[in-house]
Amino acid sequence: MRVSLSWLREHVAIDHGLTVAELEAALVRVGLEVEEIVDRSTTVTGSLVVGRVLSIELVPKVKKSIRHCTVDVGTAARADGTPSSIICGAQNFAVGDLVPVVLPGAVLPGDFAISARKTYGRMSEGMICSERELGVSDNHDGIIVLPAGCADPGTDARSLLGLDDLVVELAVTPDRGYCLSARGVARELSHSLGVPFRDPAGTVAPARGTIRPAYPVQVDDPAGCDRFAARIVRGTDPAAPSPSWMRQRLAVAGIRSISLAVDITNYIMVELGQPMHAFDLASLRGGLVVRRAVTGETMTTLDGVDRVLDPEDMVICDTGIANPLAEGTPVSLAAVMGGQTSEVRPDTTEVLFEAAHWDPVMVARTCRRHRLSSEAAKRWERGVDRELCLPALEMAVRLLTEYGGGTVDADVLDFDAPPRANQVILAADLPTRIVGVPYSAARVAEVLTSIGCQVEGEARLTVTPPSWRPDLTDPADLVEEVVRLDGYDRVPSQLPTAPPGRGLTPGQRRRRSVGRALAEAGCYEVLCYPFIGEAALDALGIPADDQRRRLVRLRNPIAETEPAMRTTLLPPLLATLRRNTGRGQRDVALFEIGRVFYPAARAEGAPPVLPVERRPSDADLALAGELVPDQPWHVAAVLAGEIEPAGWLGGGRVADWADAVEAATLVVATALPELGAAAVTVRSAAYQPWHPGRCAALSCDGVLLGHAGELHPAVCSAMDLPRRTCAMELNLDALPLPDPVTAPRVSSFPPALIDLALVVDAGTPAIAVQHAIAEGAGDLLESVRLFDVYAGEQLGAGRKSLAYKLAFRAGDRTLTAQEAVTARDAAIARATERCGAILRGA
């Protein structure tokens with residue numbers, strides 16, 4: 001929201017001695033975020049004066065239409081008042097016009113310095129400026145022509161162009177929609193500075209609705225449009241320009257001047273906060289119907305886009321245009337944008353002004369559905385004062401007849417279906433209890449009354465919010481108003497006493513440990529958006545009957561291509577990998593720890609509405625819990641390129657399926673520190689999106705944890721990933737939480753180290769043999785590690801040798817050789833029993 005200080009001064013008595021810093025502090029004090037305050041007097045340095053065009057001569061022998069002008073700038077350029085010679089290419093001014101002139105030595109916005117120079121064979125001693133050149137607006141269609149008689153030549157032109165003003169830019173939060181207007185910002189400044197406020201809507205005495213409406217209008221859906229007002233002005237001058245002060249204010253607000261009637265509607269929108277629409281009355285063939293759209297209806301909006309309407313959209317229809325689908329043809333997408341067939345044209349002489357009140361939820365959904373945002377819709381989404389319809393119409397017809405002539409029809413349309421007044425019950429001591437600052441009941445009532453609320457009662461207040469504050473719906477909203485207007489600076493900066501606790505939960509500690517272990521292994525953690533679409537699952541080759549196809553869909557997705565919550569971490573993680581490799585990163589290792597989402601077991605039924613003023617009942621909480629989607633924690637990692645970079649020490653190594661399995665094993669070993677890698681069972685598997693011959697399934701105590709390996713080549717091709725990209729994904733919640741860890745007792749006695757080579761069938765998993773060794777060796781075994789795998793003719797076809805390093809140690813003594821050999825033999829025996837292993841060389 002951009003508004004000038006001079007505009008605000010029309011509605012609130014701001015001291016002329018107020019500094020920029022004091023103005024910013026006053027706005028921040030009432031909770032408004034100040035983006036920027038620009039002193040426009042500093043945007044153009046040097047001489048910017050009013051000039052009168054004395055003569056115009058076309059420069060000969062030039063392809064473009066270039067004009068040599070003699071301009072009277074008084075004594076601003078020369079003490080004797082000699083006119084200045086200026087070359088100009090604009091064609092929209094004539095002899096005798098007053099124009100803004102920048103003289104040599106001045107600097108325009110963009111650090112554009114003006115100097116006297118010879119061009120097209122003539123001397124140019126300055127510049128006649130357009131609005132864009134002066135930074136007034138983006139309009140560059142021609143130079144600015146000032147009103148006749150507004151000033152003498154040589155007079156400083158800044159005040160005439162609004163360049164002697166301050167412009168305030170605010171970031172308005174969604175709950176403060178009334179501050180998207182000069183009226184709302186001025187009201188807040190009056191609260192902050194403690195000065196009187198003059199409501200611009202209260203300065204006009206609007207005509208009330210008449211028995212005979214200004215135009216036949218039928219509202220079929222009062223829930224979507226609970227108020228619709230209209231008035232007609234006839235016989236206006238279509239060529240009448242908008243007044244310069246209006247164009248300047250619209251330019252400050254970032255709105256382009258179009259025509260007088262349209263500029264008036266935009267001006268009132270920024271002045272009062274009431275969006276309006278102007279129809280060309282002559283283009284309407286019948287009465288108007290305000291209704292919901294019908295499936296299959298289309299219309300062309302003012303931006304030239306043909307739009308397919310949705311049954312939730314509200315439209316204004318012309319009943320004089322036949323429509324086979326419903327009554328009337330849409331001529332306006334209500335509250336968002338008008339249609340091309342009824343827009344005000346350059347020859348429009350009869351104008352129908354419309355001011356209505358629309359459902360904010362409907363407007364927000366329509367904007368998202370059509371990907372169409374407008375200044376009007378921005379205000380409707382946040383809530384508009386429904387009592388502004390008639391004052392806005394009165395202001396519109398007065399401005400149009402004042403600057404464009406014409407007469408106003410006496411008839412006034414005012415369809416009004418007022419909603420039930422919203423009353424909020426507030427305990428007078430609630431602000432004190434919540435904020436911790438003592439507020440008396442009288443002070444609470446005083447603050448709420450100052451913002452326009454009607455307050456009744458003493459200890460228990462019945463508060464009726466004003467029409468311009470639709471955001472005040474709960475006691476907490478009123479408490480926020482009390483603390484905001486009484487002063488945030490009165491709230492002590494004091495940390496509450498933290499209740500005793502046990503720190504992180506076991507699950508939080510586990511996730512942090514897993515993340516730290518993967519980072520130490522060389523992976524970078526990323527946080528991805530948890531949204532996916534069917535296309536991502538198709539690219540991964542997920543079967544139609546897979547659990548990962550059961551999606552939790554969003555009612556209002558951010559992107560239509562990703563309308564659901566993820567059931568696997570891989571799609572967004574692989575998209576991040578693709579983005580990095582596409583930007584030249586060849587060796588990438590990423591991981592993410594996050595939730596995935598599956599539909600709740602109980603999919604039917606509406607969730608209960610849980611109260612906020614008290615604790616919900618156990619039954620409501622249980623029902624709500626049954627309807628909440630299942631959200632387990634997963635961890636996933638993706639690898640591409642070299643896992644060991646090439647250098648002068650060696651040729652490097654490309655990441656392969658074994659590295660993905662190793663990363664998964666590392667996760668399990670970190671999550672279950674007492675068991676380590678021995679807790680996980682790894683076996684070959686076929687599971688999308690992995691390569692069927694290079695995929696491993698990992699389980700713990702018979703519970704499947706996830707999969708790891710190399711992605712299928714078709715997946716890499718579909719997702720534009722590097723060849724042989726590897727990935728792993730595990731369900732962290734499937735791992736049992738370990739018991740509280742006690743510090744291990746460290747033995748000071750030496751270990752007995754034994755190497756053991758066993759021959760097994762080629763299809764026997766090495767981890768199965770390792771588990772058998774650990775089980776047979778007993779408590780004396782401290783560690784077992786596979787260090788070599790061999791297959792050759794000496795062993796025979798279909799056989800392989802697995803070599804392990806075993807470390808035996810006792811906590812209370814030095815082991816004898818016989819004890820170590822006995823434990824080794826027991827390990828061999830168990831491996832023989834379980835896996836058919838034979839001691840190599842035996």
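Mentor: Before we start, helices (H or I, at least four residues) and strands (E, at least two) are DSSP runs, numbered from the N terminus. This is a predicted model, in which local features need pLDDT of at least 70 and side-chain atom pairs count only at pLDDT 80 or more, while totals for chains, interfaces and linings use all residues. Residues are numbered from 1 along each chain as its sequence is written, and side-chain values use heavy atoms, with hydrogens and water left out.

Trainee: How many cavities of 30 Å³ or more are there?

Mentor: There is one, with a volume of about 140 Å³. A cavity is a set of points, on a 1 Å grid over the protein atoms alone, where a 1.4 Å probe fits but cannot get out; a pocket is an open set with protein on both sides within 12 Å along at least five of seven lines; lining residues have an atom within 4 Å of a point. Grid points are joined across faces, edges and corners, and a volume is the space filled by probe spheres set on the points.

Trainee: Which element gives the largest share of the lining of the largest cavity?

Mentor: Helix H5 (residues 182-193) does, with three residues.

Trainee: Is H5 mostly covered or mostly uncovered?

Mentor: H5 is mostly covered, as 10 of its 12 residues are buried (under 20% relative accessible area, with a 1.4 Å probe and protein chains only). Among them are Arg-183, Arg-187 and Glu-188.

Trainee: What do the buried residues of H5 pack against?

Mentor: Their partners include strand E1 (2-4), helix H1 (5-9) and helix H7 (260-272); contact means heavy atoms within 4.5 Å. Just after H5, Gly-194 has a positive phi of about 70 degrees.

Trainee: Where else does H7 appear?

Mentor: H7 gives the largest share of the lining of the second largest pocket, four residues. That pocket holds about 780 Å³ of space. Its lining has 30 residues, and Val-262, Asn-266, His-277, Leu-302 and Met-337 lie nearest its centre.

Trainee: What about the largest pocket: how much space lies in it?

Mentor: About 910 Å³. It is lined by 27 residues, and those closest to its centre are Val-661, Val-682, Ala-766, Ile-767 and Leu-786. Helix H18 (657-671) gives the most to this lining, with seven residues.

Trainee: Changing topic, is Thr-576 buried or exposed?

Mentor: Thr-576 is buried, with a relative accessible area of 12%. The residue sits in helix H16 (residues 570-582). Leaving aside neighbours within four places in sequence, Thr-576 is in contact with Val-526, Cys-528 and Leu-590.

How values were computed: Buried < 20%, exposed > 50% of the residue type's maximum accessible area, 1.4 Å probe, protein only.
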